[in-house]
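Here's a quick walk through one protein fold, from the overall layout down to a few individual residues. Have a look at the sequence and structure, then read on.

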Amino acid sequence: MQAVTLPPLFSPPPPHSPLPSVPLSSDLPNIHLVLFRNVQNAKQIKELVIKGDAEVPECVLVNAAMILDIFQVQMACTKALLHQQQGIMRTRTLYSEILFNLSPTNNISDALRQFGISDTSSSLLCVMVSKEAPTEQIQEALASLIDGQRASLDELGEVCDLQLISKVYKTGTPTSDPSRILSLVIGAMALKGHLN
């Protein structure tokens, strides 16, 4: 499992500044990520997640075909944590809020369907949010739950579906340039809810 530090939100103004400062927590937790490829039991995992089974560790299982770059996940997690802090989450849990924040629309059910685990998911990105690294027991539970091959995060580019990402984020003419698509995806995520 790889830990990824969330970026600092901003540098507060100096004490003698005439502008008021906004208190935001600077000690955000880390996100811990693990990528699984060639997942064989997505349907069973989805059923366990829906039931809220204790066999599933506290995490969010993201359809890795929708993730072009880790920055998408960092941005969604940061927004979800801020919304949780401010008491303005649109969903019931931090982990469903992460899925919601990955989506370019305000439709919660579409976000869960498009970015969460589906019956046919062949690659999953497991995201855990905590200050400490997940225990060995949690990592073993995750590995026994998911019938797939653990992979490096560097392989995300191989499992993402550029055409599907372009369709969901409505990037216009599909392009094979991942950096261009990523710019459009991040823009859509950032502007979500502000262009209605």
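What follows goes from the whole chain to its core, its helix contacts and some single residues.

## Ground rules

Bear in mind that this is a predicted model: local features need pLDDT of at least 70, side-chain atom pairs count only at pLDDT 80 or more, and totals for chains, interfaces and linings use all residues. Residues are numbered from 1 along each chain as its sequence is written, and side-chain values use heavy atoms, with hydrogens and water left out.

## The overall layout

The protein has 8 helices and 5 strands; here helices (H or I, at least four residues) and strands (E, at least two) are DSSP runs, numbered from the N terminus. Going along the sequence, the pattern reads β-β-α-β-α-α-α-β-α-β-α-α-α.

Of the 196 residues in the protein, 44% are buried. "Buried" means under 20% relative accessible area, "exposed" over 50%, and "partly exposed" in between (1.4 Å probe, protein chains only). The accessible surface comes to about 10,800 Å², and carbon and sulfur atoms own 52% of that. Those areas come from the Shrake-Rupley method with a 1.4 Å probe, and for residues only the protein chains shown count as cover. As for contacts (heavy atoms within 4.5 Å), residues 24 or more positions apart account for 77% of those with a separation of 6 or more.

## The nonpolar core

A nonpolar core here is a set of buried Ala, Val, Leu, Ile, Met, Phe, Trp, Tyr and Cys residues joined through side-chain atoms within 4.5 Å. The largest one has 56 residues, and Leu33, Ile98, Leu125, Val127 and Ile146 touch the most other members. Helix α2 supplies the largest share of this core, 7 residues.

Take Ile146: leaving out residues up to four places away in sequence, Ile146 touches Phe36, Val39, Asn41, Ile45, Leu61 and Leu124. Val60, in strand β3, is buried because its relative accessible area is 4%. With the same four-place cut in sequence, Val60 touches Tyr95, Ile98, Leu99, Leu125, Cys126 and Val127. The C-alpha atoms of Val60 and Val129 are 9.2 Å apart, with the two positions 69 residues apart along the chain.

## Helix α3, under cover

How many of the residues of α3 are buried? It's 9 of 9 for this helix, residues 94-102. Their packing partners are β3 (60-63), α2, α4 (108-115), β4 (124-130), α7 (162-169) and α8.

Just past that helix, Ser103 lies in the loop between α3 and α4. Ser103 counts as buried because its relative accessible area is 0%. Apart from neighbours within four places in sequence, Ser103 is in contact with Ala111, Gln114, Phe115 and Lys192.

## Two helix pairs

Two packed helices are described by the angle between their axes and the distance between the axes. The axes are lines fitted to C-alpha atoms, for helices over the stretch in contact, and angles run from 0 to 180 degrees between N-to-C directions. Angles under 35 degrees count as roughly parallel, over 145 as roughly antiparallel, 65 to 115 as roughly perpendicular and the rest as oblique.

Helices α2 (residues 70-86) and α8 (residues 178-191) pack at about 10°, with axes 11 Å apart, so α2 is roughly parallel to α8. Phe71, Gln72, Met75, Ala76 and Lys79 of α2 meet Leu182, Val185, Ile186, Met189 and Ala190 of α8. That contact splits into 8 nonpolar, 1 polar and 1 charged residues, where Ala, Val, Leu, Ile, Met, Phe, Trp, Tyr, Cys and Pro count as nonpolar, Asp, Glu, Lys and Arg as charged, and the others, Gly among them, as polar.

The axes of α3 and α4 come within 8 Å and cross at roughly 90°, which means α3 is roughly perpendicular to α4. Here Ser96, Leu99, Phe100 and Leu102 of α3 meet Ile108, Ala111, Leu112 and Phe115 of α4. By class that's 7 nonpolar, 1 polar and no charged residues.

## Loop residues to look at

Asn38 sits in the loop between β2 (30-37) and α1 (42-51), and its phi is near 50°, a positive value in a residue other than glycine. Asn38 is partly exposed, at 42% relative accessibility. Lys170, in the loop between α7 and α8, also has a positive phi near 50°. Lys170 counts as exposed, at 70% relative accessibility.

Asp69 is in the loop between β3 and α2 and is partly exposed, at 32% relative accessibility. The C-alpha atoms of Asp69 and Gly157 are separated by 7.4 Å, though the two are 88 residues apart along the chain.
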